[in-house]
Amino acid sequence: MSGVMKRMGMIFRAKANKALDRAEDPRETLDYSYQKQLELLQKVRRGVADVATSRKRLELQLNQLQKQSSTLEDQGRKALALGREDLAREALSRRAALQQQVSDLEVQHQTLQGEEEKLTLAAQRLQAKVDAFRTKKETIKATYTAAEAQTRIGEAFSGISEEMGDVGMAIQRAEDKTATLQARAGAIDELLASGALDDSSGLHKDDIQSELDRLSGGTDVELELQRMKAELAGGSGSSQQAIEGGQGNRGQQAQPQDTPRFDKQ
(Lines give C-alpha, C1' and ligand atoms only; values in the text may rest on other atoms or scores of the structure.)
Protein backbone atom coordinates (compact mmCIF):
# COMPACT_ATOMS: atom_id res chain seq x y z
CA MET A 1 0.00 0.00 0.00
CA SER A 2 2.86 2.34 0.81
CA GLY A 3 4.42 1.65 -2.61
CA VAL A 4 1.16 2.43 -4.36
CA MET A 5 0.82 5.73 -2.50
CA LYS A 6 4.39 6.71 -3.36
CA ARG A 7 3.78 5.88 -7.00
CA MET A 8 0.55 7.89 -7.05
CA GLY A 9 2.36 10.81 -5.42
CA MET A 10 5.13 10.64 -8.02
CA ILE A 11 2.62 10.54 -10.87
CA PHE A 12 0.74 13.49 -9.42
CA ARG A 13 3.94 15.52 -9.04
CA ALA A 14 4.98 14.64 -12.59
CA LYS A 15 1.59 15.68 -13.98
CA ALA A 16 1.62 18.88 -11.94
CA ASN A 17 5.16 19.69 -13.06
CA LYS A 18 4.23 19.15 -16.71
CA ALA A 19 1.13 21.33 -16.35
CA LEU A 20 3.15 24.07 -14.67
CA ASP A 21 5.80 23.84 -17.37
CA ARG A 22 3.16 24.37 -20.06
CA ALA A 23 1.59 27.25 -18.14
CA GLU A 24 4.89 28.96 -17.30
CA ASP A 25 5.95 31.91 -19.42
CA PRO A 26 9.70 32.65 -19.06
CA ARG A 27 9.07 36.33 -19.65
CA GLU A 28 6.63 36.53 -16.75
CA THR A 29 9.04 34.60 -14.53
CA LEU A 30 11.87 37.00 -15.36
CA ASP A 31 9.68 40.00 -14.67
CA TYR A 32 8.65 38.52 -11.33
CA SER A 33 12.29 37.86 -10.37
CA TYR A 34 13.22 41.39 -11.33
CA GLN A 35 10.37 42.75 -9.22
CA LYS A 36 11.58 40.74 -6.23
CA GLN A 37 15.11 42.08 -6.67
CA LEU A 38 13.77 45.62 -6.78
CA GLU A 39 11.89 45.00 -3.55
CA LEU A 40 15.07 43.65 -1.92
CA LEU A 41 17.04 46.66 -3.13
CA GLN A 42 14.38 48.93 -1.71
CA LYS A 43 14.66 47.22 1.66
CA VAL A 44 18.45 47.66 1.66
CA ARG A 45 18.11 51.32 0.79
CA ARG A 46 15.56 51.73 3.56
CA GLY A 47 17.99 50.09 5.98
CA VAL A 48 20.74 52.48 4.89
CA ALA A 49 18.39 55.40 5.47
CA ASP A 50 17.47 54.10 8.94
CA VAL A 51 21.12 53.68 9.94
CA ALA A 52 21.96 57.12 8.59
CA THR A 53 19.08 58.59 10.59
CA SER A 54 20.33 56.93 13.81
CA ARG A 55 23.85 58.17 13.12
CA LYS A 56 22.56 61.67 12.61
CA ARG A 57 20.70 61.56 15.93
CA LEU A 58 23.88 60.47 17.74
CA GLU A 59 25.75 63.33 16.12
CA LEU A 60 23.15 65.77 17.42
CA GLN A 61 23.39 64.29 20.92
CA LEU A 62 27.18 64.44 20.78
CA ASN A 63 27.10 68.09 19.77
CA GLN A 64 24.69 68.86 22.59
CA LEU A 65 26.81 67.01 25.20
CA GLN A 66 29.96 68.67 23.98
CA LYS A 67 28.32 72.08 24.34
CA GLN A 68 27.21 71.20 27.88
CA SER A 69 30.74 70.00 28.68
CA SER A 70 32.21 73.27 27.44
CA THR A 71 29.67 75.22 29.51
CA LEU A 72 30.53 73.28 32.71
CA GLU A 73 34.21 73.83 32.11
CA ASP A 74 33.69 77.59 31.82
CA GLN A 75 31.52 77.60 34.94
CA GLY A 76 34.20 75.71 36.93
CA ARG A 77 36.84 78.22 35.91
CA LYS A 78 34.68 81.15 36.92
CA ALA A 79 33.84 79.54 40.29
CA LEU A 80 37.50 78.83 40.94
CA ALA A 81 38.37 82.43 40.07
CA LEU A 82 35.80 83.61 42.60
CA GLY A 83 37.23 81.34 45.24
CA ARG A 84 34.39 78.90 45.13
CA GLU A 85 36.39 75.74 44.85
CA ASP A 86 33.41 73.63 45.83
CA LEU A 87 31.39 74.90 42.90
CA ALA A 88 34.32 74.43 40.59
CA ARG A 89 34.71 70.82 41.80
CA GLU A 90 30.97 70.14 41.18
CA ALA A 91 31.14 71.61 37.71
CA LEU A 92 34.15 69.48 36.85
CA SER A 93 32.42 66.36 38.20
CA ARG A 94 29.41 66.94 36.00
CA ARG A 95 31.70 67.62 33.06
CA ALA A 96 33.43 64.28 33.65
CA ALA A 97 30.08 62.44 33.60
CA LEU A 98 29.18 64.13 30.33
CA GLN A 99 32.51 63.16 28.86
CA GLN A 100 31.77 59.51 29.66
CA GLN A 101 28.45 59.80 27.79
CA VAL A 102 30.23 61.50 24.91
CA SER A 103 32.73 58.64 24.73
CA ASP A 104 29.93 56.03 24.66
CA LEU A 105 28.06 57.94 21.98
CA GLU A 106 31.20 58.28 19.91
CA VAL A 107 31.66 54.51 19.99
CA GLN A 108 28.05 54.00 18.91
CA HIS A 109 28.50 56.65 16.25
CA GLN A 110 31.52 54.87 14.82
CA THR A 111 29.62 51.57 14.86
CA LEU A 112 26.63 53.06 13.06
CA GLN A 113 28.89 54.78 10.59
CA GLY A 114 30.58 51.46 9.79
CA GLU A 115 27.19 49.75 9.35
CA GLU A 116 26.07 52.58 7.14
CA GLU A 117 29.11 52.22 4.94
CA LYS A 118 28.59 48.45 4.66
CA LEU A 119 24.91 48.84 3.77
CA THR A 120 25.71 51.57 1.30
CA LEU A 121 28.30 49.34 -0.41
CA ALA A 122 25.84 46.41 -0.40
CA ALA A 123 23.14 48.62 -1.89
CA GLN A 124 25.51 49.75 -4.64
CA ARG A 125 26.50 46.19 -5.46
CA LEU A 126 22.89 45.06 -5.41
CA GLN A 127 21.94 47.97 -7.64
CA ALA A 128 24.62 46.89 -10.13
CA LYS A 129 23.32 43.31 -10.07
CA VAL A 130 19.75 44.47 -10.54
CA ASP A 131 20.77 46.64 -13.49
CA ALA A 132 22.69 43.76 -15.05
CA PHE A 133 19.76 41.41 -14.46
CA ARG A 134 17.40 43.89 -16.05
CA THR A 135 19.57 44.10 -19.17
CA LYS A 136 19.87 40.33 -19.36
CA LYS A 137 16.14 39.95 -18.70
CA GLU A 138 15.19 42.22 -21.56
CA THR A 139 17.64 40.42 -23.86
CA ILE A 140 16.22 37.01 -22.95
CA LYS A 141 12.65 38.26 -23.34
CA ALA A 142 13.41 39.70 -26.78
CA THR A 143 15.14 36.48 -27.85
CA TYR A 144 12.27 34.35 -26.54
CA THR A 145 9.67 36.51 -28.27
CA ALA A 146 11.57 36.32 -31.56
CA ALA A 147 11.96 32.54 -31.25
CA GLU A 148 8.27 32.16 -30.42
CA ALA A 149 7.25 34.25 -33.43
CA GLN A 150 9.64 32.32 -35.68
CA THR A 151 8.24 29.02 -34.41
CA ARG A 152 4.66 30.12 -35.05
CA ILE A 153 5.55 31.30 -38.56
CA GLY A 154 7.29 28.00 -39.25
CA GLU A 155 4.32 26.03 -37.97
CA ALA A 156 1.97 28.13 -40.09
CA PHE A 157 4.05 27.50 -43.23
CA SER A 158 4.40 23.80 -42.50
CA GLY A 159 0.73 23.45 -41.52
CA ILE A 160 1.46 21.71 -38.22
CA SER A 161 0.07 24.44 -35.99
CA GLU A 162 -3.34 23.89 -34.41
CA GLU A 163 -5.05 26.74 -36.27
CA MET A 164 -3.55 25.91 -39.65
CA GLY A 165 -4.20 22.22 -39.02
CA ASP A 166 -7.91 22.94 -38.58
CA VAL A 167 -7.93 24.99 -41.78
CA GLY A 168 -6.11 22.24 -43.66
CA MET A 169 -8.56 19.61 -42.42
CA ALA A 170 -11.52 21.78 -43.47
CA ILE A 171 -10.03 22.22 -46.95
CA GLN A 172 -9.36 18.49 -47.20
CA ARG A 173 -12.94 17.65 -46.18
CA ALA A 174 -14.33 20.12 -48.73
CA GLU A 175 -12.14 18.66 -51.48
CA ASP A 176 -13.18 15.10 -50.54
CA LYS A 177 -16.88 16.00 -50.59
CA THR A 178 -16.48 17.80 -53.92
CA ALA A 179 -14.69 14.82 -55.45
CA THR A 180 -17.38 12.46 -54.12
CA LEU A 181 -20.20 14.57 -55.59
CA GLN A 182 -18.41 14.84 -58.93
CA ALA A 183 -17.89 11.08 -59.05
CA ARG A 184 -21.52 10.44 -58.13
CA ALA A 185 -22.80 12.83 -60.79
CA GLY A 186 -20.57 11.23 -63.42
CA ALA A 187 -21.71 7.75 -62.45
CA ILE A 188 -25.38 8.75 -62.63
CA ASP A 189 -24.85 10.29 -66.10
CA GLU A 190 -23.18 7.10 -67.31
CA LEU A 191 -25.98 4.92 -65.93
CA LEU A 192 -28.64 7.12 -67.51
CA ALA A 193 -26.82 7.09 -70.84
CA SER A 194 -26.49 3.27 -70.77
CA GLY A 195 -30.16 2.82 -69.84
CA ALA A 196 -29.40 1.15 -66.53
CA LEU A 197 -31.43 3.85 -64.81
CA ASP A 198 -34.80 5.18 -66.04
CA ASP A 199 -35.23 8.91 -66.38
CA SER A 200 -38.47 9.57 -64.46
CA SER A 201 -38.76 13.04 -65.96
CA GLY A 202 -38.80 11.69 -69.51
CA LEU A 203 -36.50 14.45 -70.64
CA HIS A 204 -33.23 12.57 -70.83
CA LYS A 205 -32.68 10.14 -73.75
CA ASP A 206 -29.56 8.41 -74.90
CA ASP A 207 -28.22 8.70 -78.46
CA ILE A 208 -29.59 5.34 -79.65
CA GLN A 209 -33.12 6.03 -78.44
CA SER A 210 -33.05 9.48 -80.06
CA GLU A 211 -31.99 7.97 -83.37
CA LEU A 212 -34.71 5.31 -83.21
CA ASP A 213 -37.35 7.92 -82.44
CA ARG A 214 -36.20 10.00 -85.39
CA LEU A 215 -36.30 7.09 -87.82
CA SER A 216 -39.71 5.95 -86.53
CA GLY A 217 -41.12 9.41 -86.95
CA GLY A 218 -39.80 9.67 -90.49
CA THR A 219 -41.32 6.28 -91.48
CA ASP A 220 -44.77 7.23 -90.16
CA VAL A 221 -44.75 10.38 -92.27
CA GLU A 222 -43.74 8.52 -95.42
CA LEU A 223 -46.40 5.86 -94.91
CA GLU A 224 -49.10 8.46 -94.28
CA LEU A 225 -48.02 10.32 -97.40
CA GLN A 226 -48.22 7.14 -99.53
CA ARG A 227 -51.70 6.37 -98.18
CA MET A 228 -52.96 9.84 -99.04
CA LYS A 229 -51.50 9.53 -102.57
CA ALA A 230 -53.22 6.19 -103.02
CA GLU A 231 -56.55 7.59 -101.92
CA LEU A 232 -56.26 10.51 -104.30
CA ALA A 233 -55.23 8.31 -107.21
CA GLY A 234 -58.17 5.95 -106.61
CA GLY A 235 -56.04 2.93 -106.13
CA SER A 236 -57.52 -0.54 -105.60
CA GLY A 237 -58.42 -1.99 -102.26
CA SER A 238 -55.45 -4.33 -102.46
CA SER A 239 -53.08 -1.35 -102.77
CA GLN A 240 -54.80 0.27 -99.85
CA GLN A 241 -54.41 -2.94 -97.83
CA ALA A 242 -50.76 -3.20 -98.82
CA ILE A 243 -50.17 0.33 -97.61
CA GLU A 244 -52.06 -0.35 -94.42
CA GLY A 245 -50.13 -3.62 -93.97
CA GLY A 246 -46.91 -1.63 -94.24
CA GLN A 247 -48.10 0.48 -91.37
CA GLY A 248 -48.29 -2.55 -89.07
CA ASN A 249 -50.34 -1.87 -85.97
CA ARG A 250 -51.19 1.61 -87.17
CA GLY A 251 -53.37 0.09 -90.00
CA GLN A 252 -55.65 -1.37 -87.38
CA GLN A 253 -56.53 2.10 -86.14
CA ALA A 254 -57.78 3.32 -89.60
CA GLN A 255 -61.53 3.54 -90.15
CA PRO A 256 -62.96 0.71 -92.40
CA GLN A 257 -65.58 2.94 -94.11
CA ASP A 258 -62.87 4.94 -95.96
CA THR A 259 -62.51 2.28 -98.74
CA PRO A 260 -66.22 2.07 -99.71
CA ARG A 261 -66.28 5.90 -99.93
CA PHE A 262 -63.61 5.78 -102.69
CA ASP A 263 -65.48 2.91 -104.50
CA LYS A 264 -68.64 4.98 -104.88
CA GLN A 265 -66.65 7.67 -106.61
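Which residue forms a salt bridge with R55, and how far apart are the closest N and O atoms? The partner is E116, and the closest N and O atoms of the pair are 2.4 Å apart. This salt bridge links distant parts of the chain, with R55 in helix α2 and E116 in helix α3, 61 residues apart. Both ends are covered: R55 is buried, with a relative accessible area of 18%, and E116 counts as buried at 15%. Please keep in mind as you read on that this is a predicted model.

**The overall picture**

Let's step back to the whole chain. The protein has 7 helices and 0 strands, so its pattern along the sequence reads α-α-α-α-α-α-α. Two of these helices will come up again and again here: α2, which covers residues 26-81, and α3, which covers residues 85-158. Of the 265 residues, 15% count as buried. The protein exposes about 20700 Å², and carbon and sulfur atoms supply 55% of that area. Contacts across the sequence are well represented too: among those between residues at least 6 apart, 66% join residues at least 24 apart.

**Salt bridges**

A search of the whole structure finds 15 salt bridges. Three of them are set out here, including the R55 pair from the opening.

| Pair | N to O distance | Helices | Separation in sequence |
|---|---|---|---|
| R55 and E116 | 2.4 Å | α2 and α3 | 61 residues |
| E148 and R27 | 3.2 Å | α3 and α2 | 121 residues |
| K36 and E39 | 3.7 Å | both in α2 | 3 residues |

The bridge between E148 and R27 ties together parts of the chain that are 121 residues apart, because E148 lies in helix α3 and R27 in helix α2. E148 itself is partly exposed, with a relative accessible area of 23%.

K36 and E39 make a local bridge within helix α2, where their spacing of 3 residues is about one turn of the helix. Both side chains have some access to the surroundings: K36 is partly exposed at 41% relative accessible area, and E39 is partly exposed at 36%.

Some salt bridges also join up into a network, and this one links D31, K137, E138 and K141. One of its members, K137, leads us to the next topic.

**Around Y34**

Y34 lies in helix α2 and is buried, with a relative accessible area of 14%. Which residues does Y34 touch, leaving aside those up to four places away in sequence? They are V130, F133, R134 and K137.

Take F133 to begin with. The structure has 1 aromatic pair. It is formed by Y34 and F133, whose ring centres are 6.4 Å apart and whose planes meet at 15°, so the pair counts as stacked. This pair links distant parts of the chain, since Y34 is in helix α2 and F133 is in helix α3, 99 residues apart.

Now for K137, which is found in helix α3. Its charged end sits over the ring of Y34, 5.0 Å from the ring centre. Y34 and K137 are 103 residues apart in sequence, yet their C-alpha atoms are 8.1 Å apart in space. Is K137 buried or exposed? K137 is buried, with a relative accessible area of 3%, which is under the 20% cut-off. Not counting residues up to four places away in sequence, K137 touches L30, D31 and Y34. D31 is also a fellow member of the salt-bridge network with K137.

**Nonpolar cores**

Which residues make up the largest nonpolar core? There are 7 in all: L58, L62, L65, L72, L98, V102 and L105. Helices α2 and α3 each supply at least two residues of this core, and the largest share, 4 residues, comes from α2. A second, separate core has 6 residues, among them Y34, L41, A123 and L126.

L58, a member of the largest core, shows what the surroundings of one such residue look like. Not counting residues up to four places away in sequence, L58 touches L105, Q108, H109 and L112. Of these, L105 belongs to the largest core as well.

**Drawing it together**

Helices α2 and α3 meet through several kinds of contact. They share the largest nonpolar core, the stacked pair of Y34 and F133, and the salt bridges of R55 with E116 and E148 with R27.

Methods
Residues numbered from 1 in each chain as written. Predicted model: local features only at pLDDT ≥ 70, side-chain atom pairs only at ≥ 80, totals over all residues. Heavy atoms only, no water. Phe/Tyr/Trp six-rings, centres within 6.5 Å; stacked < 30°, edge-to-face > 60°. Buried < 20%, exposed > 50% of the residue type's maximum accessible area, 1.4 Å probe, protein only. Lys NZ or Arg CZ within 6 Å of the ring centre and 35° of its normal. Core = buried A, V, L, I, M, F, W, Y, C linked by side-chain atoms within 4.5 Å. Contact = heavy atoms within 4.5 Å. Areas by Shrake-Rupley, 256 points an atom, 1.4 Å probe, with all protein chains shown as cover. Salt bridge = Lys/Arg side-chain N within 4 Å of Asp/Glu carboxyl O.
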